[in-house]
Amino acid sequence: MSDKAKTTQKASTVKAPRALTEDEVRQYLVAHPAFFDHNKDLLALLKPERAPRADGIVDFQAVLLDRLQSEIAELSDVQGSLIHASRSNMTTQARIHDAVLALLEAESLDHLCHMVSQDWVDMLQVDSISICFEQGRNLPENSNIRRLSAGMVDDLLGIDQDATLRGDISANGDIFGPATPLIKAEALIRLPESDLTPAGLLAFGSRDEAFFTPGQGTELLRFLQAAFQARLIHFLD
């Protein structure tokens, strides 16, 4: 017999997998009572037949299974949201760290301000960043520093607030200049008054009206503000 014939004969004798019978499945589950503890996702797939019941009789088994399947679906959604939020937060932190490290490479005040208002835009994936200071103490002339009227920072943030995040806005032209028509969401971070600088703002703008919202944390943005202001004072001192 040729090798080809032997292979054909061998293949013809291979039996297709046999489906398990209901009794075999039952016996397995009885022997492994923790099966569904380790395979909770399968509970959501169960669709037991529900025989007609007499009027007024509640099928508690069906009710409990429906509730369990609903809870499993909700937990799955929550888990997916948490994973997405965690990954997004890690990405944001990495961008913030890169932006702060870039400040260390600034060689002058002009270089620093250009880096923040131009380079940071790409690093942080926003559409505009403005450095703003109120009129008052003299600051070196710089095309990347915008001047605000006295008291405007408190008017925008409130006396006791260090930051505000807003979406679905009409942007302020004094803050964002030529980019104003584009900006639909903003994050305004206070630059506290110092011996060398008047009160100011570090303003981040986005064309996505949901990019900044009041419920978001501001810790990372305030970290950026502190790092920038420390380097700014270094060049002014």
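Helix α5 passes helix α8 in a right-handed crossing, where right-handed denotes a near helix turned clockwise from the far one by less than a right angle, and left-handed an anticlockwise turn. The model is predicted, so that local features require pLDDT of at least 70 and side-chain atom pairs pLDDT 80 or more, whereas totals for chains, interfaces and linings draw on all residues. Residues are numbered from 1 along each chain as its sequence is written, and side-chain values rest on heavy atoms, with hydrogens and water left out.

The two helices of this crossing are α5 (residues 109-124) and α8 (residues 219-236), which pack at an angle of about 160 degrees with their axes 9 Å apart. Axes here are lines fitted to C-alpha atoms, for helices over the stretch in contact, and angles between N-to-C directions run from 0 to 180 degrees. The helices α5 and α8 are therefore roughly antiparallel to each other, the term applying to angles over 145 degrees. From α5, the residues Leu 109, Leu 112, Val 116, Trp 120 and Leu 124 meet Leu 224, Phe 228, Arg 231, Leu 232, Phe 235 and Leu 236 of α8. By class, this contact has 10 nonpolar, no polar and one charged residues; Ala, Val, Leu, Ile, Met, Phe, Trp, Tyr, Cys and Pro count as nonpolar, Asp, Glu, Lys and Arg as charged, and the others, Gly among them, as polar. Contact means heavy atoms within 4.5 Å.

The chain as a whole has eight helices and five strands, taken as DSSP runs numbered from the N terminus (helices H or I, at least four residues; strands E, at least two). From the N terminus on, the elements follow the order α-α-α-α-α-β-β-α-β-α-β-β-α. Of the 237 residues in the chain, 32% are buried, that is, under 20% relative accessible area, with exposed meaning over 50% and partly exposed in between (1.4 Å probe, protein chains only). Among contacts with a separation of 6 or more, 59% are between residues 24 or more positions apart.

Charged pairs form a further part of the picture. Side chains of opposite charge can pair when their charged atoms come close. The count comes to four salt bridges, each defined by a side-chain nitrogen of Lys or Arg within 4 Å of a carboxyl oxygen of Asp or Glu. In one of them, Asp 154 pairs with Arg 190, the closest N and O atoms being 3.0 Å apart. Asp 154 lies in helix α6 (residues 152-157) and Arg 190 in strand β4 (residues 185-191), so this pair ties together parts 36 residues apart in sequence. Arg 190 counts as buried because its relative accessibility is 11%, whereas Asp 154, at 33%, is partly exposed.

Arg 190 also forms a salt bridge with Asp 162, with closest N and O atoms 3.7 Å apart. This pair links the loop between α6 and β3 (163-167), which holds Asp 162, to strand β4, 28 residues away. Asp 162 is partly exposed at 44% relative accessibility. Asp 154, Asp 162 and Arg 190 are thus linked in a network of salt bridges.

Strand β4 takes part in another pairing, in which the side chains of Arg 166 and Glu 186 meet at 2.4 Å, N to O. Arg 166 belongs to strand β3 and Glu 186 to strand β4, 20 residues apart. Glu 186 is buried, with a relative accessible area of 2%, while Arg 166 is partly exposed at 38%.

Finally, Ser 206 lies in strand β5 (residues 200-206) and counts as buried at 2% relative accessibility. Leaving aside neighbours within four places in sequence, Ser 206 is in contact with Asp 127, Leu 182, Ile 183, Lys 184, Ala 185, Phe 211 and Phe 212.

Notes:
Parallel < 35°, antiparallel > 145°, perpendicular 65-115°, else oblique.
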